[in-house]
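Please work through the following exercises with the sequence and the model at hand, and try each task before reading its solution.

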Amino acid sequence: MTISTALLRDVTLRDGLQLTGKVLPTERKVEIVRELLALGVPELEIGSMARPDLVPPMANTLELVAALTPEELRRCWVWVATPRHVEKAAAAGVRNFQYCFSVSDAHNKANIGRTTEDSLAAMPEAIRFAQAAGGRIQLCLATTFTCPFEGPIDPQRVLAIARDPRTAGAADIVLADTLGQAHPGQVSALVTAVVAEGRWGTAEHRIVFHGHDTWGMGVANSLAALTAGANVVDGSLGGLGGCPFAPGASGNTSSEDLLFATRPEWFTPDSLATLVPISERLLAELGEPNRSRTIEGSRSEAAAFEWVIRRQP
């Protein structure tokens with residue numbers, strides 16, 4: 001695998017929105033899904049089954065699911081944390097489930113209200129519900145590098161979950177740098193170790209790296225993950241987002257920056273010129289700042305560079 005064949009999953013409509021506290025209307029979310037899919041973004045994370053009183057921007061997730069076609073939903077993922085979440089989402093039409101829990105007990109209790117072992121023990125039932133619906137389920141591990149309450153995470157804790165037989169039905173594994181405190185050497189070492197387990201890092205069982213840009217390492221860490229054997233990287237428009245239950249977490253890695261760095265075949269200067277207004281409009285609606293250096297660069301005066309968006313006369 002080369003960097004240019006990496007897949008981007010845009011997580012704007014879940015991890016991007018959840019820290020804003022603002023609810024986008026369902027029809028607006030549908031518009032964003034269709035704009036990104038039409039542009040060529042391979043996969044999206046579109047919502048969460050988290051309690052709406054705790055994460056209000058996710059309240060209309062199932063309304064969004066109902067508004068999308070089965071073909072569109074095949075490229076979309078929904079965050080779940082319990083077997084009941086999977087069952088309810090599957091009944092609504094979801095077929096791609098991201099079953100998430102934290103490597104650290106303290107964050108899992110803050111985020112989900114249970115221990116890591118409790119979440120792991122429930123995963124086989126979640127897998128059964130997903131498979132019964134003809135769907136796929138990911139093993140998503142938050143706080144794989146650091147926890148806001150426990151500090152640094154021993155990589156062996158991550159590897160123990162990655163090899164645990166109770167996760168055997170998962171299609172992919174997601175390694176999340178929830179606080180954005182990891183550096184490329186750490187990311188490379190952990191992804192390499194996960195690949196060495198022999199189960200992850202293939203087309204059938206992918207490794208997804210979910211990085212935050214709190215310390216400015218989002219793109220560097222994502223490239224390190226891809227070089228070490230990851231298949232997919234997560235990003236959000238304009239670097240929007242973060243975890244409301246992780247003190248110190250800030251925006252995700254920018255989708256625009258990841259695309260500019262990896263240059264998949266479908267991503268061209270014209271694609272960027274289409275994407276930037278989509279991002280800018282959303283950020284303006286939410287009252288959120290742009291954190292993407294690629295968006296900034298595309299609006300520069302360096303008109304001889306083909307990636308700069310030409311201003312209309």
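**Exercise 1.** Determine how helices α2 and α12 are oriented towards each other in this predicted model.

*Solution.* Two packed helices are described by the angle between their axes and the distance between the axes. The axes of α2, which spans residues 26-39, and of α12 come within 11 Å and cross at roughly 160°. An angle over 145 degrees counts as roughly antiparallel, and α2 and α12 are therefore roughly antiparallel to each other. The sense of the crossing of α2 and α12 is left-handed. To locate the contact in the sequence, look in α2 for R28, E31, I32, E35, L36 and L39, which meet S271, T274, L275, I278, R281, L282 and E285 in α12.

**Exercise 2.** Describe the sheet, and say which strands are paired and in what sense.

*Solution.* Begin with the whole: 8 strands close into a barrel, with parallel pairing, in the order β1-β2-β3-β4-β5-β8-β9-β10. Neighbouring strands of this sheet are turned against each other by 30° on average, direction ignored. Next, take single pairs, remembering that strands of a sheet pair through backbone hydrogen bonds, either parallel or antiparallel. Strand β1 (residues 7-10) pairs with β2 (residues 43-48) in the parallel sense over 2 bridges, and L44 in β2 is the bridge partner of D10. Outside these strands, helix α7 (residues 116-132) packs on the sheet, where it touches β4 (96-102) and β5 (136-142), and its direction makes about 170° with that of β4. Strand β3 (residues 76-80) also pairs with β4 in the parallel sense, over 3 bridges, with F97 in β4 as the bridge partner of V78.

**Exercise 3.** Is strand β4 buried or exposed, and which way do its residues point?

*Solution.* In a regular strand the side chains alternate between the two faces of the sheet. In β4, N96, Q98, C100 and S102 point one way, whereas F97, Y99 and F101 point the other way. Because 7 of the 7 residues of β4 are buried, this strand is largely enclosed by the rest of the structure.

**Exercise 4.** Find which residues touch the most other members of the largest nonpolar core, and follow the contacts of F101.

*Solution.* The largest nonpolar core has 89 residues, of which V33, I46, F97, F101, L139 and I173 touch the most other members. Helix α12 (residues 269-286) gives the most to this core, with 7 residues. Turning to F101, and not counting residues up to four places away in sequence, its contacts include N108, I112, T116, S119, L120, M123, L139 and I161.

Note on methods. Residues are numbered from 1 along each chain as its sequence is written. This is a predicted model: local features need pLDDT of at least 70, side-chain atom pairs count only at pLDDT 80 or more; totals for chains, interfaces and linings use all residues. Side-chain values use heavy atoms; hydrogens and water are left out. Two strands pair if DSSP finds at least two bridges between them. Helices (H or I, at least four residues) and strands (E, at least two) are DSSP runs, numbered from the N terminus. Axes are lines fitted to C-alpha atoms, for helices over the stretch in contact, and angles run from 0 to 180 degrees between N-to-C directions. Contact means heavy atoms within 4.5 Å. A nonpolar core is a set of buried Ala, Val, Leu, Ile, Met, Phe, Trp, Tyr and Cys residues joined through side-chain atoms within 4.5 Å. Buried means under 20% relative accessible area, exposed over 50%, partly exposed in between (1.4 Å probe, protein chains only). Angles under 35 degrees count as roughly parallel, over 145 as roughly antiparallel, 65 to 115 as roughly perpendicular and the rest as oblique. A crossing is left-handed if the near helix is turned anticlockwise from the far one by less than a right angle, and right-handed if clockwise.
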